[in-house]
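The exercises below are to be worked with the model open. Each task is followed by a solution in steps.

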Amino acid sequence: MPLTLTLTEGVLPAGTEKLAFRRICDSMLKWHGLSGNKVMTPNVVGAIHLLPKHQTYSGLQETDIAFIEWKVPSFAFNTPEIQQGHIEEATNIIHELSGGSLPKHQIWANVVHAVDGAWGIAGQALTNKQLGEALSTG
């Protein structure tokens, strides 16, 4: 499940971007009841994108921002409790690591769902059923 964490340079102290990424991933696993799952944990992947201040916008104005975006199978983030819990926690992680300098209203989170059968790992397209079976053994 890829996480893309996009930040304006300087919104987090240098070096804490990795900590933010790790904590957000841990939160996602926790909210799905998958902390320590041997199948899912190695498949939580992603990237951190740091963009110069003049390249991040809100309201058509240059603005410091954070974007937290997950790409997941269609069965993930499937309850309002998981959605609200993780998004609130992930937002708080970025806000706290910024020392409170990045306001929560400048932190956005979203989830993009893959079509059933279009989730690929190691070159194999997997269905939700196949993924669920693999997760239950982890």
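**Exercise 1. Strand pairing**

Task: find which residue in E6 stands opposite Val-72, then establish how the chain crosses from E5 to E6.

Solution. The residue opposite Val-72 is His-113 in E6. Between E5 and E6 the chain passes through H2, and this β-α-β crossover is right-handed (with the strands pointing away from the viewer, the path from the first strand over the helix to the second runs clockwise). E5 and E6 run parallel and are joined by eight bridges. Helices (H or I, at least four residues) and strands (E, at least two) are DSSP runs, numbered from the N terminus. Two strands count as paired if DSSP finds at least two bridges between them.

The model is predicted: local features need pLDDT of at least 70, side-chain atom pairs count only at pLDDT 80 or more, and totals for chains, interfaces and linings use all residues. Residues are numbered from 1 along each chain as its sequence is written, and side-chain values use heavy atoms, with hydrogens and water left out.

**Exercise 2. The sheet**

Task: give the order of the four strands in the open sheet and identify its edge strands.

Solution. The order is E2-E1-E5-E6, with mixed pairing. At the edges are strand E2 (45-51) and E6, each of which pairs on one side only. From one strand to the next the twist averages 15° (axes are lines fitted to C-alpha atoms, for helices over the stretch in contact, and angles run from 0 to 180 degrees between N-to-C directions).

Next, take the antiparallel pair: strand E1 (residues 2-8) and strand E5 (residues 66-73) are joined by five bridges. Thr-4 has Glu-69 in E5 as its bridge partner, and Leu-7 stands opposite Ala-66 in E5.

**Exercise 3. The two helices**

Task: compare the span of H1 with the expected value, do likewise for H2, and state what covers the buried residues of H1.

Solution. H1 (residues 17-31) has 15 residues and reaches 21 Å from its first C-alpha to its last, close to the expected 21 Å at 1.5 Å a residue. For H2, with 18 residues, the reach is 26 Å, close to the 26 Å expected. The expected span is 1.5 Å times one less than the number of residues.

The buried residues of H1 include Phe-21, Ile-24, Cys-25 and Met-28 (buried means under 20% relative accessible area, exposed over 50%, partly exposed in between; 1.4 Å probe, protein chains only). Their cover includes E1, E2, E5 and H2. In H2, the buried residues include Ile-82, Ala-90, Ile-93 and Leu-97, and the buried residues of this helix pack against E1, H1, E5 and E6.

Finally, check what follows each helix. Gly-33, just after H1, takes a positive phi of about 70°; Gly-99, which follows H2, has a positive phi near 70°.

**Exercise 4. Two loop residues**

Task: locate Val-44 and Gln-106, and decide whether Val-44 is buried or exposed.

Solution. Val-44 is in the loop between H1 and E2. With a relative accessible area of 15%, Val-44 is buried. Leaving aside neighbours within four places in sequence, Val-44 is in contact with Met-1, Cys-25, Met-28, Leu-29 and Trp-70 (contact means heavy atoms within 4.5 Å).

Gln-106 is in the loop between helix H2 (80-97) and strand E6 (107-114). Gln-106 is buried, with a relative accessible area of 15%. Not counting residues up to four places away in sequence, Gln-106 touches Thr-63, Asp-64, Ile-65 and Ala-66.
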